[in-house]
Amino acid sequence: MLLAVPAGVSALTPLQKAELVVVTSARPRVFRGSSGITFVDQEGGTIRALPHVPPANWPRAYTSSAEAFAAGRATARALKQAHIDVDFAPVLDTADGPLGSRQFRRPEYGVAFARGLGRAACAKHFPGLGSAAFSTDARPHVDARIRHRDLAPFRSAIRHGLGCVMVGNAFYGTRFRASIEPSIYRRLRGLGFRGIAITDSLSLVRHAPVERWAPQAIRAGADMVLFTSPVHARRAIRALLPLARRGELDGRVARILAWRHELRRH
């Protein structure tokens, strides 16, 4: 059910608030929730929810900021025509990371692509997978380090108005993975980011401890939690109800509704 913008967050029930912060798969590489915001994986190459619209090239193929910006702009236009609100792109992990052709040759090319996407950009995977040996899509536990050069493209994109960041699932010498680790969200906000922070998918394993991870992510600093498994998403909504009843979701709900209004603004 699509929630209309209420006169105030207090007009929503606890169930509606819990539903609003959860995002899940609608079909392959397309994600939705009760906020009515539609997200896609549209990075380029074969990582495209919509295979016949831009960007056709893998991120690694761009050889200038101008080329990357133009591709981002073309992607934004195509997604708007398809009634898609947000692209889980660009990948701002540095070129020495484990994602191969999904990574840009130079960080400024990724920032340029984000500028081209404009309001539709949701950069990932903060705070960067450049030092990781493996993708977090390949295994549930991946260790990495936070380097200055990993943060630099995120800092630059934020300065250019980036409105959404996906927080990754690697461990950075911390007790918890980044997506549920408070110090990572503090670091993100410390870069001046005031937009929406969404977790990478918390459907990491079939028997994911959803009832623990969903509240933990929100309390750590996430605005929205992503589950590629709709079953996990339904469990997450139930697990978030106590937080909703105590008003712990109110600030996040207000930000999400304001962001949705901004995304739809012409």
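# Exercises on a predicted model

D41, E43, R102, K124 and D137 are joined in a salt-bridge network. The model is a predicted one. Work through the exercises with the structure open.

## Exercise 1: Salt bridges

Task: Find which residue forms a salt bridge with D250, and where the two partners lie.

Solution.
- Step 1. Count first. The chain holds 17 salt bridges.
- Step 2. Find the partner. D250 pairs with K17, and their closest N and O atoms are 2.9 Å apart.
- Step 3. Place both ends. D250 sits in helix α8 (residues 250–264) and K17 in helix α1 (residues 14–20). They are 233 residues apart, so the pair links distant parts of the chain.
- Step 4. Check exposure. D250 has a relative accessible area of 26% and is partly exposed. K17, at 8%, is buried because the cut-off for buried is under 20%.

Side chains of opposite charge can pair when their charged atoms come close.

## Exercise 2: A second link to helix α8

Task: Which residue meets D223 in a salt bridge? Decide whether each partner is buried, partly exposed or exposed.

Solution.
- Step 1. The partner is R255, with an N to O distance of 2.6 Å.
- Step 2. D223 lies in the loop between α6 (210–220) and β10 (225–227). R255 lies in helix α8. The two are 32 residues apart, and the pair links distant parts of the chain.
- Step 3. D223 has 0% relative accessibility and counts as buried. R255 is partly exposed, with a relative accessible area of 33%.

Now take E248 and R246. This pair also forms a salt bridge, with the closest N and O atoms 2.9 Å apart. E248 is partly exposed at 28%. R246 counts as exposed at 53%, because that value is over 50%.

## Exercise 3: A charge without a partner

Task: Explain why E181 has no salt bridge.

Solution.
- Step 1. Locate E181. The residue is in the loop between β8 (164–167) and α5 (182–190).
- Step 2. Look for opposite charge. The nearest such side chain is R186, 5.2 Å away.
- Step 3. Apply the cut-off. A salt bridge needs the nitrogen and oxygen within 4 Å, so E181 and R186 do not qualify.
- Step 4. Describe the setting. E181 is buried. Leaving out residues up to four places away in sequence, E181 touches T174, R175, F176 and A220.

## Exercise 4: The three-stranded sheet

Task: Give the strand order of the open sheet and name the edge strands.

Solution.
- Step 1. The order is β7-β8-β9, and the pairing is parallel.
- Step 2. The edges are β7 (123–126) and β9 (196–199), each of which pairs on one side only.
- Step 3. From one strand to the next, the twist averages 30°.
- Step 4. Count bridges. β7 and β8 share two. β8 and β9 share four.
- Step 5. Name some partners. F126 bridges to V167 in β8. C164 bridges to I196 in β9.
- Step 6. Sort the side chains of β9. I196 and I198 point one way, while A197 and T199 point the other way. All of them are buried.

Strands of a sheet pair through backbone hydrogen bonds, either parallel or antiparallel.

## Exercise 5: The largest nonpolar core

Task: Which members of the largest nonpolar core touch the most other members, and which helix gives the largest share?

Solution.
- Step 1. The core has 82 residues. V22, F39, I198, F227, L240, L249 and W259 touch the most other members.
- Step 2. Helix α7 (residues 230–245) gives the largest share, seven residues.
- Step 3. Follow V22. Beyond four places in sequence, V22 touches R32, G33, V225, F227, A233, A236, I237 and L240.
- Step 4. Look elsewhere. Another core, of six residues, lies apart from the largest one and includes V40, L50, L79 and I84.

In soluble globular proteins, nonpolar side chains tend to be buried together.

## Exercise 6: A214

Task: Is A214 buried or exposed, and which residues are in contact with A214?

Solution.
- Step 1. A214 is in helix α6.
- Step 2. The relative accessible area of A214 is 0%, so the residue is buried.
- Step 3. Setting aside neighbours within four places in sequence, A214 contacts V225, F227, A236 and L240.
- Step 4. Compute one separation. The C-alpha atoms of A214 and A239 are 7.0 Å apart, with these positions 25 residues apart along the chain counted as their spacing.

Technical notes
Residues numbered from 1 in each chain as written. Predicted model: local features only at pLDDT ≥ 70, side-chain atom pairs only at ≥ 80, totals over all residues. Heavy atoms only, no water. Core = buried A, V, L, I, M, F, W, Y, C linked by side-chain atoms within 4.5 Å. Buried < 20%, exposed > 50% of the residue type's maximum accessible area, 1.4 Å probe, protein only. Contact = heavy atoms within 4.5 Å. Lys, Arg positive; Asp, Glu negative; His and termini not counted. Pairing = 2+ DSSP bridges. Axes fitted to C-alpha atoms, helices over the stretch in contact; angles between N-to-C directions.
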